[in-house]
Amino acid sequence: MATVDAPDTEASSLPLLPDGLSVGVSFYGGGTFEGLTDGLQATLDDGIDSGLSAWTYYLEWSDLEAEAGRYTLDTFEQSLADAQARGLRPFVNVTIGDSEGFSLPAGVSDPNDLDDPEVIERFGKLLDEIVPTLVARGGMILGLGNEMGEYLDGDRETRETYARFVDAARQRVHTIEPRLAVGVTLTTGAIRERSPTYRSMREVSDVVAFNYGPIPASFVVLDLEDIRRDFREVLDASGDGPIVIQELTCPNAPSMGASDAWQADCFRELFAEIEQTPQVRFASIFTFADFDEPTCSLIQDALLGDELDDLPRDVAQRLADYFCALGVVDVDGTPSPAWEVILDEIEG
């Protein structure tokens with residue numbers, strides 16, 4: 001299969017990432033260090049002592065710019081300072097869009113306006129504000145979207161508009177800091193299939209990251225013996241450049257055919273393939289901690305409501321269980337067997 005080369009820029013080699021593999025964690029839903037309990041912080045500290053070195057941070061454009069020209073950067077700046085104080089380098093994804101659609105600020109109502117010169121300049125001025133802080137705090141990648149391919153593949157006009165927006169943002173970033181990589185994150189399906197969105201984003205990005213979990217559409221996990229083969233297919237399809245895995249996920253929900261033991265073995269299998277692939281420069285565990293019981297109940301109620309009537313009930317139930325079974329640490333900070341596997345892999 002022919003590969004698509006990333007743009008020939010300094011940032012495409014990810015020079016702000018240390019040599020070798022950086023392993024990080026993420027907090028679900030754009031969570032920050034401020035929300036960590038003492039127990040969670042103690043467990044995270046153990047991970048950092050073992051070699052955990054990165055953090056994936058999600059936020060939206062509107063989180064940074066409530067309205068045109070009025071910046072709300074306190075949480076952003078404090079979160080990056082907190083990460084740096086812990087020795088964690090951030091991969092920040094400003095999710096202009098995700099799997100559910102675009103997330104645009106006040107004053108930008110139509111995604112097909114993203115290539116309007118005024119919108120591009122507005123976002124450019126925001127980049128002028130945040131890029132120096134990101135780099136000063138150890139940041140090495142700026143993402144501009146998460147898993148947008150499914151609807152962009154079928155909408156050429158919006159896809160091309162978005163590509164022009166990403167290209168303009170990337171050029172603006174490189175005038176501020178040529179070494180900072182700019183990219184987007186797609187699904188593994190987009191990578192495997194060389195989807196229209198994948199091809200488009202490769203042309204305008206320094207790196208196309210992906211999210212991986214051995215979880216088919218049925219939300220029944222793969223058998224352990226199939227995980228490495230499946231993961232290897234995605235790694236091979238990623239081409240010859242540096243590989244960035246924004247999310248590496250192994251759930252533990254029994255309804256999905258998983259368990260604490262399966263979750264631990266899953267991460268063991270994934271890291272075994274990563275060890276054979278020096279191109280993988282970054283992989284972030286998704287996600288660090290489970291939700292507490294009230295939050296999990298709210299998620300279950302929402303996902304099993306009318307909005308999922310198009311899914312068979314058993315699939316909808318597994319999907320709901322999935323969101324409550326992503327953590328590798330319990331809500332009180334108790335490590336799971338998977339956390340111990342991850343630390344062993346980092347230390348080894």
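How many cavities of 30 Å³ or more does the structure hold? The structure, a predicted model, holds two of them. Its largest pocket encloses about 1,700 Å³ of space, and its second largest pocket about 290 Å³. There are also 19 aromatic pairs in the structure.

**Pockets**

- The largest pocket, with about 1,700 Å³ of space, is lined by 46 residues, of which Ser-99, Glu-147, Glu-247, Tyr-322 and Phe-323 are the closest to its centre.
- Two or more lining residues of this pocket come from each of strand 2 (54-59), helix 5 (149-152), helix 7 (188-193), strand 10 (207-212), helix 11 (293-303) and helix 12 (313-323).
- Helix 7 gives the largest share of that lining, with five residues.
- The lining of the largest pocket divides by class into 22 nonpolar, 13 polar and eleven charged residues.
- In the second largest pocket, with about 290 Å³ of space, the lining is made of 15 residues, and those closest to the centre are Gly-35, Leu-36, Leu-40, Ala-289 and Asp-290.
- Eight nonpolar, five polar and two charged residues make up the lining of the second largest pocket.

**Cavities**

- The largest cavity holds about 60 Å³ of space.
- Its lining consists of Ile-191, Tyr-198, Arg-202, Val-208, Phe-210, Ser-238, Pro-242, Ile-243 and Val-244.
- At least two of these lining residues come from each of helix 8 (196-204), strand 10 and strand 11 (243-248).
- By class, the lining of the largest cavity has seven nonpolar residues, one polar and one charged.
- The second largest cavity has a volume of about 30 Å³, and its lining residues include Gly-145, Asn-146, Glu-147, Tyr-162 and Met-201.
- Strand 8 (141-146), strand 9 (181-187) and helix 8 each give two or more residues to the lining of the second largest cavity, with the largest share, three residues, coming from strand 9.
- Six nonpolar, four polar and one charged residues line the second largest cavity.
- Glu-147 is listed both among the residues closest to the centre of the largest pocket and in the lining of the second largest cavity.

**Glu-65**

- Glu-65 lies in strand 3 (residues 65-67).
- With a relative accessible area of 1%, Glu-65 counts as buried, because buried means under 20%.
- The Glu-65 side chain makes polar contacts with the side chains of Trp-61, at 2.8 Å, and Arg-122, at 3.2 Å.
- Apart from neighbours within four places in sequence, Glu-65 is in contact with Arg-70, Tyr-71, Thr-72, Pro-105, Arg-122 and Leu-126.

**Aromatic pairs**

- Among the 19 aromatic pairs is Phe-27 with Phe-33, an edge-to-face pair at 5.3 Å centre to centre and 85 degrees between the planes.
- Both rings belong to buried residues: Phe-27 has a relative accessible area of 7% and Phe-33 has 3%.
- Tyr-28 and Phe-323 also form an edge-to-face pair, with 6.2 Å centre to centre and 75 degrees between the planes.
- This pair links distant parts of the chain, 295 residues apart: Tyr-28 is in the loop between strand 1 (22-26) and helix 1 (38-50), and Phe-323 is in helix 12.
- Tyr-28 is partly exposed, at 32% relative accessibility, while Phe-323 is one of the residues closest to the centre of the largest pocket.
- Phe-27 and Phe-33 also belong to a cluster linked by ring pairs, together with Trp-55, Tyr-57, Phe-288 and Trp-339.

Conventions. Residues are numbered from 1 along each chain as its sequence is written. This is a predicted model: local features need pLDDT of at least 70, side-chain atom pairs count only at pLDDT 80 or more; totals for chains, interfaces and linings use all residues. Side-chain values use heavy atoms; hydrogens and water are left out. On a 1 Å grid over the protein atoms alone, a cavity is a set of points where a 1.4 Å probe fits but cannot get out, and a pocket is an open set with protein on both sides within 12 Å along at least five of seven lines; lining residues have an atom within 4 Å of a point. Grid points are joined across faces, edges and corners, and a volume is the space filled by probe spheres set on the points. Helices (H or I, at least four residues) and strands (E, at least two) are DSSP runs, numbered from the N terminus. Ala, Val, Leu, Ile, Met, Phe, Trp, Tyr, Cys and Pro count as nonpolar, Asp, Glu, Lys and Arg as charged, and the others, Gly among them, as polar. Buried means under 20% relative accessible area, exposed over 50%, partly exposed in between (1.4 Å probe, protein chains only). A polar contact is a pair of N or O atoms within 3.5 Å; within protein, one must be able to donate a hydrogen and the other to accept it, and residues adjacent in sequence count only if both atoms are side-chain atoms. Contact means heavy atoms within 4.5 Å. Rings of Phe, Tyr and Trp (its six-membered ring) pair if their centres lie within 6.5 Å; planes under 30 degrees apart count as stacked, over 60 as edge-to-face and the rest as tilted.
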